[in-house]
Amino acid sequence: MNSDSGFGSGGSPYEYTVAEAKSKTLTLKKIGLIAAYILWAAVFFIVGASTRLFIYLIALVPISLWIIVWLTWKYTQVEYEYSYFTGALTVSRILGNRTRKKLLNVRIQELAAIFPYGDANASRLEAYGAENVIFAASSQSAENLYVALWQDNESGKRCVLFFEPNEKAIKILKYYNMSAFSK
């Protein structure tokens, strides 16, 4: 393959992100956090009204509320980043465009199988008996949901990754490990 393909040996990295889809769980999480913020402010008002420190406690409400919102609201804004670089797939979870946590880094050649997730492949996935499941997709009902199977060299555990590759990512995966698609 030509080196101008963008993903051959020594090629440039390819990255993209997938945001968590809106769901009932996410909506409930947002409502719960807003209720907690209101409760936090109400506690300050109630405690402040019953003491002589009312003015000082009221002054702390906006500052403390801002800190709490800054620390917690990021959990309602989840994205998954997929990076393909020199034959490796790195998956990271990003919270609120601030906090990044690497979920996995695996050589694409180590992937035993890559296939679309669906009812037809559910038994195949169940028969694999994975010990480590990583879900890094927008939702379980995403239309481009794929599954990757491999065995971790360090721990020896069977691993499963649910992810959403786009067309270019599928080309990269096939370039580095075509045999994983035919299994």
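Are Y82 and F163 buried or exposed? In this predicted model, Y82 is buried, and F163 is buried as well. These two residues offer a friendly way into the aromatic contacts of the structure.

A search through the whole structure finds 11 aromatic pairs. One of them joins Y16 and Y84: the ring centres lie 6.2 Å apart and the planes meet at 15°, so this pair is stacked, the angle being under 30 degrees. The contact links distant parts of the chain, with Y16 in strand 1 (residues 14-19) and Y84 in strand 2 (residues 78-85), 68 residues apart. Both Y16 and Y84 are buried.

The opening residues, Y82 and F163, form an aromatic pair too, and here the arrangement is edge-to-face, with 6.2 Å from centre to centre and 70° between the planes. Because Y82 belongs to strand 2 and F163 to strand 8 (residues 158-163), this pair ties together parts of the chain that are 81 residues apart in sequence.

How do these rings fit into a wider picture? Ring pairs connect Y14, Y16, Y82, Y84 and F163 into a cluster. Within that cluster, strand 2 contributes Y84, the partner of Y16 in strand 1, and also Y82, the partner of F163 in strand 8.

Aromatic rings also meet charged groups in this model. The charged end of R98 sits over the ring of W70, at 4.6 Å from the ring centre. A further example involves R158, whose charged end sits over the ring of Y128, 5.3 Å from the centre of that ring.

Methods:
Residues numbered from 1 in each chain as written. Predicted model: local features only at pLDDT ≥ 70, side-chain atom pairs only at ≥ 80, totals over all residues. Heavy atoms only, no water. Phe/Tyr/Trp six-rings, centres within 6.5 Å; stacked < 30°, edge-to-face > 60°. Helix = DSSP H or I, 4+ residues; strand = E, 2+ residues; numbered from the N terminus. Buried < 20%, exposed > 50% of the residue type's maximum accessible area, 1.4 Å probe, protein only. Lys NZ or Arg CZ within 6 Å of the ring centre and 35° of its normal.
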